[in-house]
Amino acid sequence: MCRWAAYAGPPIFMEDMILSPVHSLIEQSQHASEAKTAINGDGFGLAWYGEREMPGLYRDILPAWADTNLHSLAKQIRSGLFLAHVRASTGGGTNRDNCHPFTYENWSFMHNGQIGNFDILRRSLEFRLSDSVYAMRQGSTDSELMFLLAVEFGLAEDPALAFERMLEFVISEAAKRDLDTIIRFTACYSDGHALNAIRFSTDNRPPSLYYASCASDQSICLVSEPFEHPDRNWTAVPANSQVKIADGKLSVAPFLSVKAAAVA
């Protein structure tokens, strides 16, 4: 399982989340404590928003702890909204196109989890994409495909509904084949204005997700694992919930119940 962190609030240097904390994202890439594997060394990526609508994007296949360019960028780039991800592959080769975050126009997306039986389902899931959306597929991961399916299902108009429709579609395709497919989906996405996250699974065991105030009362961090910080009180996001951060305010609401998903 991967580890990720995201921030929304007054602009800060990315090193304040990626490098500086005791249990920073870089530290988690080598010593994750709430994942199946402690090492997340199959690449990393950053997506950040600045003065333009499109996010900046930097991804590479080196382990996050070993890339001096990443360290330099994190110390120099200041942003009020950014996503960062370290990858532990559950499928798909270790190449740049398979590293998170993924972007589409002004949208950015990253994910921790997987689709069970993806090797069997992949063809039918990809077939649901229109030609124009399929042409955007660069890698081979289930994560990128779930993002593109959300694009197909109306991400720009109603993002929460688009992700619900995406997950319902995957579940229905598995049911057609009588597959006992477990989907674990803890994801983060943004349009450059609001920061959103979803914590969902079909077995009530979604990957971990926490939030806390960060640099000020108007700043909020979303993380796979808490950073060790004496002044920070972390709250676990309940399973099958969605989080929205906008204008310094955080809200948590139910997301696609397992019962509803099972009959989709």
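This is a friendly dialogue about reading a predicted protein model.

Me: Where do I start, and how many helices and strands does the protein have?

Reply: Start with the overall tally, and keep in mind that the model is predicted. The secondary structure comes to eight helices and 13 strands. Of the 264 residues, 54% count as buried. Among contacts with a separation of 6 or more, 64% are between residues 24 or more positions apart.

Me: What does one such pair of residues, S20 and F227, look like along the chain and in space?

Reply: S20 and F227 are 207 residues apart along the chain, and their C-alpha atoms are separated by 9.6 Å. S20 itself is found in the loop between helix 1 (15-18) and helix 2 (25-31).

Me: Is S20 buried or exposed?

Reply: Neither label applies, because its relative accessibility is 48% and S20 therefore counts as partly exposed. The cut-offs behind that step are under 20% for buried and over 50% for exposed.

Me: Now strands. Which way do side chains point along a strand?

Reply: In a regular strand the side chains alternate between the two faces of the sheet. Take strand 10, residues 220-223: I220 and L222 point one way, while C221 and V223 point the other way. Here the residues on both sides are buried.

Me: Which strands pair with strand 10?

Reply: Strand 1 (residues 3-13) runs antiparallel to strand 10 and is joined to it by four bridges. To find one of them, look at A5, whose bridge partner in strand 10 is V223. Strand 9 (residues 210-213) also pairs with strand 10 in the antiparallel sense, again over four bridges. There, A212 has C221 as its bridge partner.

Me: How do I read the order of strands in a sheet, and what is the order in the open sheet of six strands?

Reply: Read across the sheet from one strand to its neighbour. In this open sheet the order is 5-6-7-8-12-13, and the pairing is antiparallel. Strand 5 and strand 13 (249-254) are the edge strands, since each pairs on one side only. Neighbouring strands of this sheet are turned against each other by 15 degrees on average, direction ignored. At one end, six bridges join strand 12 (residues 241-246) to strand 13, and Q242 stands opposite A253 in strand 13.

Me: Which helix lies across strand 5, strand 6 and strand 7?

Reply: That is helix 6, which runs at about 125 degrees to strand 6.

Me: How should I look at the sides of a helix?

Reply: An α-helix has 3.6 residues a turn, so residues three or four places apart point the same way. Helix 6 (residues 142-152) is mostly covered, with ten of its eleven residues buried. Those buried residues include L145, M146, L149 and A150. The elements covering them include strand 5, strand 6, strand 7, helix 4, helix 5 and helix 7. Just after helix 6, G154 takes a positive phi of about 100 degrees.

Me: How do helix 6 and helix 7 cross, and why is helix 6 called oblique to helix 7?

Reply: Compare the directions of the two axes. Those of helix 6 and helix 7 come within 8 Å and cross at roughly 120 degrees. That angle makes helix 6 oblique to helix 7. The crossing is right-handed. At the contact, M146, L149 and A150 in helix 6 meet A162, F163, M166, F169 and V170 in helix 7. These residues divide into eight nonpolar, no polar and no charged.

Me: And how do helix 4 and helix 6 pack?

Reply: Their axes are 11 Å apart, at an angle of about 30 degrees. Helix 4 and helix 6 are therefore roughly parallel to each other. Their crossing is left-handed. Here F118, R122, L125 and E126 in helix 4 meet D142, L145 and L149 in helix 6. This contact divides into four nonpolar, no polar and three charged residues.

Me: Which residues of helix 4 are buried, and what do they pack against?

Reply: F118, L121, S124, L125 and E126 are buried in helix 4. The buried residues of helix 4 pack against strand 6, helix 5, helix 6 and helix 7.

Terms used: Residues numbered from 1 in each chain as written. Predicted model: local features only at pLDDT ≥ 70, side-chain atom pairs only at ≥ 80, totals over all residues. Heavy atoms only, no water. Buried < 20%, exposed > 50% of the residue type's maximum accessible area, 1.4 Å probe, protein only. Helix = DSSP H or I, 4+ residues; strand = E, 2+ residues; numbered from the N terminus. Pairing = 2+ DSSP bridges. Contact = heavy atoms within 4.5 Å. Axes fitted to C-alpha atoms, helices over the stretch in contact; angles between N-to-C directions. Parallel < 35°, antiparallel > 145°, perpendicular 65-115°, else oblique. Left-handed = near helix turned anticlockwise from the far one by under 90°. Nonpolar A, V, L, I, M, F, W, Y, C, P; charged D, E, K, R; others polar.
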